[in-house]
Amino acid sequence: MKRVILGIAVAVCFHAHAGNGLPENEGRVGSCDTVRRFGNVGGDLIAMRKGVDENSIVLEVAGFGITLGQMDEGPGQLGKSRRVRYYILDNFEFGFNRLSGVDYCGYPSESGNFLDLQTSRSFHAAEDLAGIHVRLDRRRRILFSAGFSMTVDNYRLSDRSITLRNRDGRVVPEALGETAKKSGLTTLSLGVPLRVTLRPAQHLRISAAAYCDFAVWTDAVYAMPEPRVMQRLSGVNTFQFGVGASVAYCGIGVYARYGVTSYFKKSAGPVSHPLSLGICIFL
C-alpha cells in the first residue's frame with residue numbers, strides 16, 4: 001500500500017511538471033518499480049492492468065504508467081533467489097534430558113539401576129549454526145530447512161557414589177569410594193537437522209524434524225568436590241538418529257525430541273533412548 005501511494009504521488013508530481021520537458025522514456029524508481037508516460041487514457045484518471053510480461057502490475061495515473069514490482073509467481077515459476085534463503089544461528093533449544101525405555105538385560109542384579117538420572121539437573125542444549133531455508137509454496141507457509149548443528153547433552157546420575165567405565169567392551173558402574181558432589185555423562189555431538197515448518201498463521205510456526213547426529217566425544221564426569229575428573233567413555237553410539245517437533249509463537253515455543261537410536265551401542269550398554277523436553281527460540 002505504501003508503494004502504491006508513493007507511486008501515485010510521483011505520477012501526479014510528474015504530471016504537474018509535464019510542460020517542463022519530462023522525458024518520454026522510462027525512469028527508475030527504486031530497484032524494480034518504473035514510471036513511464038503512456039499518453040492519454042481516455043476518461044479514466046486511474047486504471048490498473050497487468051504488465052506486458054504478465055508478472056507485474058501497472059498503475060496508470062493521469063497518463064503515466066507506474067510498474068509496481070513483480071506479482072507472485074505461478075506454480076513452477078518460483079525463482080531460486082526467492083525460494084532459498086541462507087541462515088546463520090537459528091533454532092536454539094534448551095531443555096531437560098532423561099533416558100527412556102532403559103533395559104538392563106544381561107546385567108547382574110547387584111548393578112542396580114545405575115542409569116537413573118536427576119532429570120532436573122540433566123540438560124540439553126542445541127543450536128543450528130548455519131543452513132538453508134527452502135520455500136515450498138507460493139504463500140511461504142511451508143519451509144524445508146537443512147543445516148549444521150552442535151548439541152551438548154548432560155546426564156546427571158542419581159547415584160553420586162558411582163561413575164561409569166567401559167570394562168571389557170561393556171559400560172558398567174564403578175564405585176567411587178565416597179559420595180561425589182556430582183557424577184554423570186556429557187556428550188558433544190555435531191549433526192544435520194532436517195526440518196519441515198508450517199506457518200498456518202502469522203507468527204505461528206509448527207515444525208517436525210529429523211536429527212542425524214554424530215557423537216564427537218562422551219566423558220564420564222565426577223567431582224568430589226574438587227578437582228573435577230573427566231574420563232573418556234567408549235561404548236556410546238557414534239551415530240544418533242532422532243525425531244522431534246516444536247510449536248512456537250513469535251519465535252519462542254516448546255520442543256520435544258526423541259532418540260530413535262539407542263544411546264549405547266548394541267551389547268556395550270543398556271538399551272536406552274534419549275528424550276528431551278524444553279523451550280526453543282527461532283531467531
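## Inside the fold: spaces, salt bridges and core

Student: How many nonpolar, polar and charged residues make up the lining of the largest cavity?
Tutor: Let's fix the classes: Ala, Val, Leu, Ile, Met, Phe, Trp, Tyr, Cys and Pro are nonpolar, Asp, Glu, Lys and Arg are charged, and the others, Gly among them, are polar. On that basis the lining of the largest cavity divides into 6 nonpolar, 9 polar and 3 charged residues.

Student: What pLDDT do local features need here?
Tutor: Residues are numbered from 1 along each chain as its sequence is written, and side-chain values use heavy atoms, with hydrogens and water left out. This is a predicted model, in which totals for chains, interfaces and linings use all residues, side-chain atom pairs count only at pLDDT 80 or more, and local features need pLDDT of at least 70.

Student: How much space lies in the largest cavity?
Tutor: On a 1 Å grid over the protein atoms alone, a cavity is a set of points where a 1.4 Å probe fits but cannot get out, whereas a pocket is an open set with protein on both sides within 12 Å along at least five of seven lines; lining residues have an atom within 4 Å of a point. Points are joined across faces, edges and corners, and a volume is the space filled by probe spheres set on them. The structure holds 4 cavities of 30 Å³ or more. For the largest cavity, the space is about 230 Å³.

Student: Which of the residues that line the largest cavity are closest to its centre?
Tutor: The lining has 18 residues. Strand 8 (142-156), strand 12 and strand 15 are among those that each supply at least two of them; strands are DSSP runs (E, at least two residues), numbered from the N terminus. Closest to the centre are Asp 153, Asp 213, Gln 240, Arg 257 and Pro 274.

Student: How far apart are the closest N and O atoms of Asp 213 and Arg 257?
Tutor: These two form a salt bridge, meaning a side-chain nitrogen of Lys or Arg within 4 Å of a carboxyl oxygen of Asp or Glu. The pair links strand 12 (residues 204-223) and strand 15 (residues 252-259), with their positions 44 residues apart in the chain. Glu 93 joins both in a network of salt bridges. The closest N and O atoms of Asp 213 and Arg 257 are 3.2 Å apart.

Student: Is Arg 232 buried or exposed?
Tutor: Buried means under 20% relative accessible area, exposed over 50%, and partly exposed in between (1.4 Å probe, protein chains only). Arg 232 meets Asp 219 in a salt bridge (2.6 Å, N to O), and Asp 219 counts as buried because its relative accessibility is 5%. With a relative accessibility of 59%, Arg 232 counts as exposed.

Student: Which residues touch the most other members of the largest nonpolar core?
Tutor: A nonpolar core is a set of buried Ala, Val, Leu, Ile, Met, Phe, Trp, Tyr and Cys residues joined through side-chain atoms within 4.5 Å. This one has 17 residues. Leu 185 is in contact (heavy atoms within 4.5 Å) with residues including Leu 164, Tyr 263 and Phe 264, leaving aside neighbours within four places in sequence. Those touching the most other members are Phe 114, Leu 115, Leu 164, Leu 185, Tyr 263 and Phe 264.

Conventions: Helix = DSSP H or I, 4+ residues; strand = E, 2+ residues; numbered from the N terminus.
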